[in-house]
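I opened this entry to keep track of what I looked up, in the order I looked. The structure comes first, and my notes follow.

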Amino acid sequence: SSFLMSCGDDEVTPSITIDEPANYAFTRNGSSSVSFSGQTTRIAMAEELISALKTSTLTATSLAAMFDHQEGANDFSDSDLNASSKNVKSKVAASSDLFSSNSTDASAIKADFDAWISTQANDVFPNWSTDAAKGVAGAIQETGGGSTRYVNANGLEYNQAVAKSLIGALLTDQVLNNYLGTAVLDEASNRVDQEAGTVIEGKNYVTMEHKWDEAYGYVYGASQDAANPNTTIGSDDSFLNKYIGRVEGDTDFAGIAADIFNAFKLGRAAIVAGDYTVRDAQAAIIRLKISELIAIRAVYYLQQGKAALEATNPDMASVFHDLSEGFGFVYSLQFTRNPLANEAFFTRTEVEGFIANIYPTASQANGFWEVTPANLQTVSEAIAAEFSFTVEQAGS
């Protein structure tokens, strides 16, 4: 389809025609100009790390090496990942917009991940066959022969905390606050190069196109059909893709998958056409929709945990599992992006306040063992209040 954009009333100004393809497929000289292999690589590395966090024979050193992979190190089962110069850690809290001038928070966030990963190996792995109890790390099985969850002394599953927090700290931050930002898209001579069609040496793409594609890659880089990814949305990775699928499956939010994909596609077409007004409008849509997604899932898990906690005989393994996922999505809120401002919807301080409420560990409190339904409700309402959905819509 074509998308016409008029540049004002002055008849001398020609309107720009944007040729929007049906799929995310863009070519130059008959070959694809789309590339996001680095994003696909990092998603694969993160997947292996998440699995490794439940392999109790591994050491803190080996887990840390998977997070902060160095080129050629034998950290993964996949030889291509081992050969790669890329890693996950360097891109955590590393966006141009939020962290290039905030090394204090960036370092603190990387340190959070380092601590969760090492503590899983040092505190939880040795207690793999111990029964978890208040103040004791170990295993706890869901009632009726359900899944066994492995938690720290406060009931937190570190594997879930890491996985869900990476959705914010790695993927969301890179998409919303790095690659879709004008600081990256319009850096240096990017606009001039785009107008001239000046490709990067040895590549078939111009820098601005590539930056947009890298944002796309963090959402769809593991897709079975990356040009038409919504046919399998939700089943292609454990991160943003998975939860776009989950939220799409909630009738209250159906359409979000198309909204995100279509904004990526039209924005990329707008770059080719040189229409940066349309490009930036699409970036704003993506920022809002992905931020909403993080908030919706944060509230969802807090509400699931609350419902489980309010049962006559609470299944604490189930409570811990829901709240561990909720913990990660709440943590991820600090990487969202208000499209109307140069900041996240929630500050790091606000997020730390939410976590202190849902996972109380100050003055000998035992985290999820002692969380109250009232606190889960309070945090849920505070999150939903920033968006146009209700706690009830997100929580079911």
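**Helix 8 and onward**

I began with helix 8, which is mostly covered, as 13 of its 14 residues are buried. Buried stands for under 20% relative accessible area, exposed for over 50%, and partly exposed for what falls in between, with a 1.4 Å probe and protein chains only. Helices (H or I, at least four residues) and strands (E, at least two) are DSSP runs, numbered from the N terminus.

Before going on I noted that this is a predicted model, in which local features need pLDDT of at least 70, side-chain atom pairs count only at pLDDT 80 or more, and totals for chains, interfaces and linings use all residues. Residues are numbered from 1 along each chain as its sequence is written, and side-chain values use heavy atoms, with hydrogens and water left out.

I then looked up the length of helix 8, residues 207–220. Its first and last C-alpha atoms are 19 Å apart, close to the 20 Å expected at 1.5 Å a residue. The expected span is 1.5 Å times one less than the number of residues.

**Helix 10**

Helix 10 covers residues 256–273, 18 in number, and reaches 26 Å from first C-alpha to last, close to the expected 26 Å. I found it mostly covered, with 13 of its 18 residues buried. Just after helix 10 comes glycine 274, with a positive phi of about 80°.

**The whole chain**

I counted elements next: the chain has 15 helices and six strands. How does the radius of gyration compare with the globule rule for 396 residues? The radius is 22 Å and the rule gives 21 Å, so the chain is as compact as a globular protein of that length. The radius is taken over C-alpha atoms, and the rule is 2.2 Å times the number of residues to the power 0.38.

Along the principal axes, the C-alpha atoms fill a box of roughly 75 × 50 × 40 Å. Of the 396 residues, 54% count as buried. I also looked at contacts, meaning heavy atoms within 4.5 Å. Among those between residues at least 6 apart in sequence, 66% join residues at least 24 apart.

The accessible surface comes to about 15,900 Å², and 46% of it belongs to carbon and sulfur atoms. These areas come from the Shrake-Rupley method with a 1.4 Å probe; for residues, only the protein chains shown count as cover.

For charge, I noted 24 positive and 50 negative side chains, with the centres of the two sets 3 Å apart. Lys and Arg count as positive, Asp and Glu as negative, while His and the chain ends are not counted. Each charge is placed at NZ of Lys, CZ of Arg, CG of Asp or CD of Glu.

**Two buried residues**

Arginine 28 sits in strand 3, residues 27–28. Its relative accessible area is 18%, so arginine 28 is buried. Beyond its neighbours within four places in sequence, arginine 28 touches Ser33, Val199, Asn204, Tyr205, Val206 and Glu209. I also checked glycine 197, which is 169 residues away from arginine 28 along the chain, with 9.5 Å between their C-alpha atoms.

Aspartate 250 belongs to the loop between helix 9 (240–248) and helix 10. At a relative accessible area of 13%, aspartate 250 is buried. Outside its neighbours within four places in sequence, its contacts are Gln393 and Ser396. Aspartate 250 and glutamine 393 are 143 residues apart in sequence and 8.7 Å apart in space, C-alpha to C-alpha.

**Loop residues**

Alanine 188 is in the loop between helix 6 (182–185) and helix 7 (190–196). Its phi is positive, about 50°, although it is not a glycine. Buried or exposed, I asked of alanine 188? It is exposed, with a relative accessible area of 77%.

Glutamine 364 lies in the loop between helix 13 (348–358) and helix 14 (373–384). Its phi is also positive, near 65°, and at 72% relative accessibility glutamine 364 counts as exposed.

Glutamate 71, in the loop between helix 2 (60–67) and helix 3 (79–83), is exposed at 60% relative accessibility. Leaving aside neighbours within four places in sequence, glutamate 71 is in contact with Asn82, Ala83, Ser84 and Ser85.

Last, I looked up alanine 311, found in the loop between helix 11 (276–309) and helix 12 (316–332). Alanine 311 is partly exposed, with a relative accessible area of 37%.
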